[in-house]
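The following exercises ask the student to read a protein structure step by step. Each task is followed by a worked solution.

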Amino acid sequence: MKINEIFYSLQGEGHFAGTPAVFVRFSGCNLACGFCDTDHRRGEEWGEEAVVAEVLRHPARHVVLTGGEPALQATASLVDKLHRAGCYVQMETNGTCAAAAEVGVDWITCSPKDAPVRLARIDELKVVFLGQDLGFCSRLPRAKVYCLQPCDTKDAARNAEITRETIEYIKSHPQWKLSLQTHKLLGFR
Ligand code: SF4
């Protein structure tokens, strides 16, 4: 599997924000979103045993499979090895690959982009909000947690406006809760 990087930090956003986690960032994505702020294109080939060994060098047992799009490469055997090592496995996916729900991860965080979602199961729906119509969410599998995250436009004034809109939306649609990119706000990765 082609891995961009493996690093240890805190989960910065969504339901598990603040949780110490080892991030396994897979290289490559099937989408090309204009606002993508992740450098996921570089990568090196890793074997599954080497990935697990690198994860286990760190003390936390919460593992985040991310990318890029992890569902393009993550396998049931990798997830099984992580489970046997005592890890809880979260996947952050754009939801376009049905395979994400089939590799046995413990928690699927789906962050839909401008493409059809093909997942049969979603644990956490995390939507980057820019004031768009969220009607499509009611046609997706029911999630346990709904997180609405203000889009980072890189413009401080516009970001403040979007954050206000996000908070107002959540107050009138209380199935949602606010997700902030705390790693950006607090300056950790
Ligand atoms: S789905 Fe995510 S990783 Fe892929 S291009 Fe879009 S923002 Fe970037």
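**Exercise 1: The sheet**

Nine strands make up an open sheet, ordered β3-β1-β2-β4-β5-β6-β7-β8-β9, and the pairing is mixed. The model that shows this sheet is predicted.

Task. Determine which strands stand at the edges of the sheet, and describe how β1 and β2 run where bridges join them.

Solution.
Step 1. The edges are taken by β3 (44-45) and β9 (176-178). Each has a single partner strand, so one side of each is left without a neighbour in the sheet.
Step 2. Strand β1 (residues 2-10) is joined to β2 by seven bridges, and the two run antiparallel. Within this pair, Ile6 stands opposite Val24 in β2.
Step 3. Between β2 and β4 there are four bridges, and these strands run parallel. Here Val24 stands opposite Leu65 in β4.
Step 4. Four bridges also join strand β5 (residues 88-93) to β6, again in a parallel arrangement. In this pair Glu92 is placed opposite Thr109 in β6.
Step 5. The strands β6 and β7 run parallel and are joined by two bridges. Thr109 stands opposite Glu124 in β7.

**Exercise 2: The nonpolar core**

Task. State how many residues of strand β2 are buried, and identify which element gives the most to the largest nonpolar core.

Solution.
Step 1. A residue counts as buried if 20 or more other C-beta atoms lie within 10 Å of its own. Six of the seven residues of strand β2 (residues 20-26) are buried, so this strand is largely enclosed by the rest of the structure.
Step 2. The largest nonpolar core has 38 residues. Those that touch the most other members are Val24, Val63, Leu65, Ala74, Val89, Met91 and Ile108.
Step 3. At least two residues of this core come from each of β2, α1, β4, α2, β5, β6, β7 and β8. The strand β2 gives the most, with five residues.
Step 4. Met91 illustrates the contacts of a core member: leaving aside neighbours within four places in sequence, Met91 is in contact with residues including Leu65, Ala74, Val105 and Ile108.
Step 5. The helix α1 (residues 48-56) lies across β1, β2 and β4, and runs at about 15 degrees to β1.

**Exercise 3: Residues in loops**

Task. For Arg61, Arg121 and Lys154, decide whether each is exposed or partly exposed.

Solution.
Step 1. A residue is exposed if 12 or fewer other C-beta atoms lie within 10 Å of its own, buried if 20 or more do, and partly exposed in between.
Step 2. Arg61 is found in the loop between α1 and β4. With 16 other C-beta atoms within 10 Å, Arg61 is therefore partly exposed. Arg61 and Gly86 are 25 residues apart in sequence, yet 6.6 Å apart in space, C-alpha to C-alpha. Apart from neighbours within four places in sequence, Arg61 is in contact with Gly86, Cys87 and Tyr88.
Step 3. Arg121 belongs to the loop between β6 (107-110) and β7 (124-129). It is partly exposed because 14 other C-beta atoms lie within 10 Å. Arg121 and Pro141 are separated by 20 residues in sequence and by 5.9 Å in space, C-alpha to C-alpha. When residues up to four places away in sequence are not counted, Arg121 touches Ala101, Ile108 and Pro141.
Step 4. Lys154 is located in the loop between β8 (145-150) and α3 (156-172). Lys154 counts as exposed because it has 9 C-beta neighbours inside 10 Å. Its phi is near 75 degrees, a positive value in a residue other than glycine.

**Exercise 4: The surroundings of the ligand**

Task. Name residues around the ligand, and state how the shell divides into nonpolar, polar and charged residues.

Solution.
Step 1. The residues around the ligand are Cys29, Leu31, Ala32, Cys33, Cys36, Thr38, His40, Gly67, Gly68, Glu69, Asn94 and Lys113.
Step 2. This shell divides into five nonpolar, five polar and two charged residues.
Step 3. Gly67 and Gly68 are among the residues around the ligand, and the peptide bond from Gly67 to Gly68 is cis, with omega near 15 degrees. Gly68 lies in the loop between β4 (62-66) and α2 (76-84).

Conventions:
Residues are numbered from 1 along each chain as its sequence is written. This is a predicted model: local features need pLDDT of at least 70, side-chain atom pairs count only at pLDDT 80 or more; totals for chains, interfaces and linings use all residues. A residue is near a molecule or strand if its C-beta atom, placed from the backbone, lies within 6 Å of it. Ala, Val, Leu, Ile, Met, Phe, Trp, Tyr, Cys and Pro count as nonpolar, Asp, Glu, Lys and Arg as charged, and the others, Gly among them, as polar. Two residues are in contact if their C-beta atoms, placed from the backbone, lie within 7 Å. Two strands pair if DSSP finds at least two bridges between them. Axes are lines fitted to C-alpha atoms, for helices over the stretch in contact, and angles run from 0 to 180 degrees between N-to-C directions. A nonpolar core is a set of buried Ala, Val, Leu, Ile, Met, Phe, Trp, Tyr and Cys residues joined through C-beta atoms within 7 Å.
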